[in-house]
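Reader: I have not looked at this structure before. Please take me through it one question at a time.

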Amino acid sequence: AENITGHWSDQQADIKEANRTAEEEALELLKDRLLSLDPYEMQDLVAAILRAMGYRTRVSAPGPDRGLDVFASPDGLGLQEPRIKVE
């Protein structure tokens, strides 16, 4: 019985190590992908994340935006707090 328990512990340790390695690789791939986004893809991603969090968003059109790329608020009009401005 002790041999089976020891074997099971070894398998669990191997699984934990494989999961840790897979998680590290996934984080590196995600980081590389985020770093490769152009500014417009990044503002669309940020707006999508804010929408997923329940905010309504407005994304500035390409061109001069006076530093405001994404505006978000609960109501989409900016009448409710918090008002989020992303540059």
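Reader: Which residue caps the N-terminal end of H2?

Author: This is a predicted model, so every value here is computed from it. At the N-terminal end of H2, a side-chain oxygen lies 2.9 Å from the backbone nitrogen of Tyr 40. The residue that supplies this oxygen, and so caps the helix, is Asp 38.

Reader: How many residues does H2 have, and what does it reach from its first C-alpha to its last?

Author: Helix H2 covers residues 39-52, which is 14 residues. At 1.5 Å a residue, a span of 20 Å is expected. The helix comes close to that, and its reach from first C-alpha to last is 20 Å.

Reader: Which residues of H2 are buried, and where on the helix do they fall?

Author: The buried residues in H2 are Gln 43, Ala 47 and Leu 50. Seen down the axis of H2, they fall within an arc of 60°. They therefore line one face of the helix.

Reader: What covers the buried residues of H2?

Author: The cover for the buried residues of H2 includes parts of the chain that come later in the numbering, at 56-59, 70-73 and 84-86. These are strands, and their names are E1, E2 and E3.

Reader: Which residue with a positive phi follows H2?

Author: Past the end of H2 there is a residue whose phi is positive, near 105°. That residue is Gly 54.

Reader: What pattern does the chain follow along the sequence?

Author: The secondary structure comes to two helices and three strands. Read along the sequence, these elements give the pattern α-α-β-β-β.

Reader: Is the chain spread out or compact, and what is its radius of gyration?

Author: The C-alpha atoms fill a box of roughly 70 × 30 × 10 Å along the principal axes. For 87 residues the globule rule gives 12 Å, and the chain is well over that, so it is more spread out than a compact globule. Its radius of gyration is 22 Å.

Reader: What share of the residues in the chain is buried?

Author: A residue counts as buried when its relative accessible area is under 20%. Of the 87 residues in the chain, the share that is buried comes to 16%.

Reader: How many salt bridges are there, and which residues do salt bridges join into one network?

Author: The count comes to four salt bridges. One of them joins Glu 28 and Lys 31 at 3.5 Å, N to O, and these two residues are three residues apart in helix H1, about one helical turn. Elsewhere, salt bridges that share partners make one network, and its members are Glu 17, Arg 20 and Glu 24.

Reader: Which residue forms a salt bridge with Glu 17 and with Glu 24?

Author: The salt bridge of Glu 17 has an N to O distance of 2.5 Å, and in that of Glu 24 the closest N and O atoms are 2.4 Å apart. Glu 17 lies three residues from its partner in helix H1 (residues 2-35), while Glu 24 lies four residues from its partner. An α-helix has 3.6 residues a turn, so residues three or four places apart point the same way. The partner in both salt bridges is Arg 20.

Reader: Are Glu 17, Arg 20 and Glu 24 buried, partly exposed or exposed?

Author: Buried means under 20% relative accessible area and exposed means over 50%, so values in between count as partly exposed. Glu 17 has 38%, Arg 20 has 40% and Glu 24 has 42%. Each of the three is therefore partly exposed.

Reader: Where does a cis peptide bond occur?

Author: One peptide bond has an omega of about -5° and is cis. Its proline, Pro 82, has its place in the loop between E2 and E3. The bond joins Glu 81 and Pro 82.

Reader: Is Gly 76 buried or exposed, and with which residues is it in contact?

Author: Gly 76 also has its place in the loop between E2 and E3. Its relative accessible area is 16%, so Gly 76 is buried. The C-alpha atoms of Gly 76 and Arg 58 are separated by 7.5 Å, although the two residues are 18 residues apart along the chain. Leaving aside neighbours within four places in sequence, the contacts of Gly 76 are Arg 56, Arg 58 and Phe 71.

Notes. Residues numbered from 1 in each chain as written. Predicted model: local features only at pLDDT ≥ 70, side-chain atom pairs only at ≥ 80, totals over all residues. Heavy atoms only, no water. Expected span 1.5 Å × (residues − 1). Buried < 20%, exposed > 50% of the residue type's maximum accessible area, 1.4 Å probe, protein only. Arc of directions from axis to C-beta. Contact = heavy atoms within 4.5 Å. Polar contact = N/O pair within 3.5 Å; in protein donor to acceptor, adjacent residues only side chain to side chain. Salt bridge = Lys/Arg side-chain N within 4 Å of Asp/Glu carboxyl O. Rg over C-alpha atoms; globule rule 2.2 N^0.38 Å.
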